[in-house]
Structure formats: C-alpha cells, structure tokens
Amino acid sequence: MNLLLVEKQVIQLCEEVGNFIRTENENFDRTRIEQKGSFSNLVSYVDKEAELRLVQRLSEIIPGAGFIAEEGTDSEGTNEYKWIIDPLDGTTNFLHGLPIFAISIGLTRKDQTVLGVVYEVSHKECFHAIEGGKAYCNEKEIHVSNIQSLNESLLATGFPYYHTDKKENYLEIIRIFLEQTHGIRRLGSAAIDLAYVACGRMEGFFEYNLKPWDVAGGAFILQQAGGKVTDFSGGNNFLFGGELCAAGGVHGEMLKVIKDKW
Ligand code: IPD
Ligand code: CA
Ligand code: CA
C-alpha cells in the first residue's frame, strides 16, 4: 500500500467535502437541526451527506477496507484496513454558525493507526501524517510545543454530553488546571484540539467519553508530531476507551493531576 498516495487522495477528498460543508454552513437553516437521543446531541443533513461522500470515495481509495463512522457507516471490510471517520467534528459549533469544525479521518492497519487527516474547514488547514513520517499542517512540518511546565501551558478540554457520572472528579481536575496554567479552552471539536496540540498552539488536551472517530486522526497526527497520547491511567486504550490525555512536554504533569483525581 502506497500510504503517501493514499494520504494525497484523502487530503484532496477532504478539501472537496470541506467545500461542501463550508457552503452549507454559510446558508444553514437552523430548523434543519435534528436531535440524536438527547436535546444536546445534535446532527444535520450536512453531517450525513458529508459522511456519504467520504465513504463512497474512501471505498474507492482502498477497496475492501472497513469503516467505523459517526453517522452510521459500519462495516468490517474484507482486508486489514479500516477507516475511522467523523464527517463533521464540531457539529454544535457548525449548527450555531461558530466556525470551528473539521473532518476527521484515521486509517488503521491490523488495529494500528497508519494515517491521520484532520481538515479544519474554515481556515482550510489540513493536518496530516502517515506511518513512519512527520506531521504537517498543509505543507509545513509541525511539532508539539517544547514547554515543560503547566505554569506556562494553555490546555484544551471538552465537556461530555452524556454519562456524566464522573462529573465531580472532572470538575476538580479542571479546577486544578485552571489554577496552574495559562487557561483552558473548550473549542468544541476534539479533532481540532488534537491538531492544535500537535502544532504547538496549545500544550495539552484531555477529555473523556470521546469516541474513536473523534480521536483516531488527530491522536495519530499528534504522536507523529512528537507528542504523547494515553488514557487516564497512562495506558494505550485511548481510541476505544473513552479517556484521552494528549500533550507534548507537559504530559507527565497533566497525567499526575488526572490520575490523582479520577
Ligand atoms: C464532539 C466534539 C466535542 C467533544 C464531544 C464530541 P461532534 O463531536 O469533538 O469537542 O467535546 O465529546 O462528541 O458531536 O461535534 O462530532
Ligand atoms: Ca465528533
Ligand atoms: Ca461528528
């Protein structure tokens, strides 16, 4: 498999589907918002149509590859490759006209991620990486931040929509980070949070209850940019385990706080 060629095709696809998402956002009619189970878990025809377009073309790029995708495309496939995709990460932002949303694509081979693409639609910033290579934002090589201390860090997180049984522990972690850092951002797109840590705009990101499609692409890009991604115990179960702590030089300090309070 020529991953460089696959990456090129995926980037081009993201630019095309990104154009569709951007155009729809300019004229979006809020009566077309739909709820998925709860009043805060939202979706629209744009998420669904973007997924259809991505799945159709990705199936041509690697025939027989399986899929895990947020809006329902799920298939085992007939080879060792699997696409993990979120056609629109940052749906709530999108629906409110807040221009912070992305397409997130990861590709696994035998359950190991080998490609990640996060396309930030509004600024046309494409973050990407393949196995054995560096990480890039468009054509520019990117690296995680060198900062080694929480006191000099800007962090990101998200507030889960559901399963908030650990709410108090989470709020306690947030309180500590608020006291020890330059601040915490909640951008509303985990894929963009990961991409921004990968390029050093923020030092770290943590969240729980994330899904594989939120993190597959971005976590891989962040790793290829020199960062570390773990679950809240410091293990590797961040893709399907719902807990993620990702950072450059402050990963150890972040994890210590999280482990202590979780
Ligand atoms: C959401 C975003 C958000 C995170 C949520 C995700 P969606 O994805 O990544 O930042 O906090 O947990 O579900 O619904 O916009 O695709
Ligand atoms: Ca998502
Ligand atoms: Ca989504």
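## Worked exercises on a two-calcium site and its surroundings

Asp86 forms a bridge between the calcium ion (ligand 2) and the calcium ion (ligand 3), and the two ions lie 3.7 Å apart. Keep in mind that this is a predicted model. The exercises below start from that bridge and work outwards.

### Exercise 1: the calcium ion (ligand 2)

Task: find which residues coordinate the calcium ion (ligand 2), and say what parts of the chain Asp86 and Asp214 tie together.

Solution:

1. Begin with the donors. The calcium ion (ligand 2) is held by OD atoms of Asp86, Asp89 and Asp214, at 2.1 to 2.2 Å.
2. Now place these donors along the chain. Their spacing reads D-x2-D-x124-D.
3. Next, look up the elements. Asp86 is in strand S5 and Asp214 is in helix H6 (residues 212-224), so this pair links parts that are 128 residues apart in sequence.
4. Finally, check accessibility. Asp86 counts as buried because its relative accessibility is 0%, and Asp214 is buried too, with a relative accessible area of 10%. The cut-off for buried is under 20%.

### Exercise 2: the calcium ion (ligand 3)

Task: list what coordinates the calcium ion (ligand 3), and work out how its donor residues are spaced in sequence.

Solution:

1. Collect the donor atoms. Glu70 gives OE, Asp86 appears twice with OD, and Leu88 gives O, at 2.2 to 2.9 Å.
2. Read the spacing of the donor residues, which is E-x15-D-x1-L.
3. Look at Leu88 itself: at 1% relative accessibility, it counts as buried.
4. Close the loop with the first exercise. Asp86 coordinates both the calcium ion (ligand 3) and the calcium ion (ligand 2).

### Exercise 3: a glycine in helix H6

Task: Gly217 is found in helix H6; decide whether Gly217 is buried or exposed, and find its contacts beyond four places in sequence.

Solution:

1. The relative accessible area of Gly217 is 0%, so Gly217 is buried.
2. With neighbours within four places in sequence left aside, Gly217 contacts Ser104, Ile105, Gly106, Gly116, Val117 and Val118.
3. For a sense of distance, take Glu76, which is 141 residues away from Gly217 along the chain: their C-alpha atoms are separated by 19 Å.

### Exercise 4: how H1 and H2 pack

Task: describe how helices H1 and H2 are arranged relative to each other, starting from their axes.

Solution:

1. The axes of H1 and H2 come within 10 Å and cross at roughly 160 degrees.
2. Angles over 145 degrees count as roughly antiparallel, and H1 and H2 are therefore roughly antiparallel to each other.
3. The crossing of H1 past H2 is right-handed.
4. On the H1 side, the residues that meet H2 include Val10, Leu13 and Ile21; on the H2 side, those that meet H1 include Arg53, Leu54 and Leu58.

### Exercise 5: the nonpolar cores

Task: identify the residues with the most contacts inside the largest nonpolar core, and find which element gives the largest share of this core.

Solution:

1. The largest nonpolar core has 38 residues, and Val10, Ile21, Leu58, Trp83, Ile85, Ile103 and Ile105 have the most contacts inside it.
2. Among the elements that give two or more residues to this core are helix H1 (3-26), helix H2 (45-61) and strand S5 (81-89).
3. H1 supplies the largest share, nine residues.
4. Zoom in on Leu58. Beyond its neighbours within four places in sequence, Leu58 contacts Val10, Leu13, Phe67, Trp83, Ile85 and Ile105.
5. There is also a second, separate core of 37 residues, which includes Ile142, Ile192, Leu222 and Ala225.
6. As background, nonpolar side chains tend to be buried together in soluble globular proteins.

### Exercise 6: residues worth a closer look

Task: place Asn93, Lys124 and Asn209 in their elements or loops, and note the phi angle of Lys124 and of Asn209.

Solution:

1. Asn93 sits in helix H3 (residues 91-96). With a relative accessible area of 9%, Asn93 is buried. Apart from neighbours within four places in sequence, its contacts are Leu98, Ile100, Phe101, Leu187 and Gly188.
2. Lys124 lies in the loop between S7 and S8. Although Lys124 is not a glycine, its phi is positive, about 55 degrees. Its relative accessible area of 48% makes Lys124 partly exposed.
3. Asn209 belongs to the loop between strand S13 (204-208) and H6. Its phi is near 70 degrees, again a positive value in a residue other than glycine.

Key
Residues are numbered from 1 along each chain as its sequence is written. Chains are lettered from A and ligands numbered from 1 in the order in which they are written. This is a predicted model: local features need pLDDT of at least 70, side-chain atom pairs count only at pLDDT 80 or more; totals for chains, interfaces and linings use all residues. Side-chain values use heavy atoms; hydrogens and water are left out. Helices (H or I, at least four residues) and strands (E, at least two) are DSSP runs, numbered from the N terminus. Buried means under 20% relative accessible area, exposed over 50%, partly exposed in between (1.4 Å probe, protein chains only). Contact means heavy atoms within 4.5 Å. A nonpolar core is a set of buried Ala, Val, Leu, Ile, Met, Phe, Trp, Tyr and Cys residues joined through side-chain atoms within 4.5 Å. Donors are N, O and S atoms within 2.8 Å of the metal (3.2 Å for Na, K and Ca); water is not among the atoms, so sites may look incomplete. Axes are lines fitted to C-alpha atoms, for helices over the stretch in contact, and angles run from 0 to 180 degrees between N-to-C directions. Angles under 35 degrees count as roughly parallel, over 145 as roughly antiparallel, 65 to 115 as roughly perpendicular and the rest as oblique. A crossing is left-handed if the near helix is turned anticlockwise from the far one by less than a right angle, and right-handed if clockwise.
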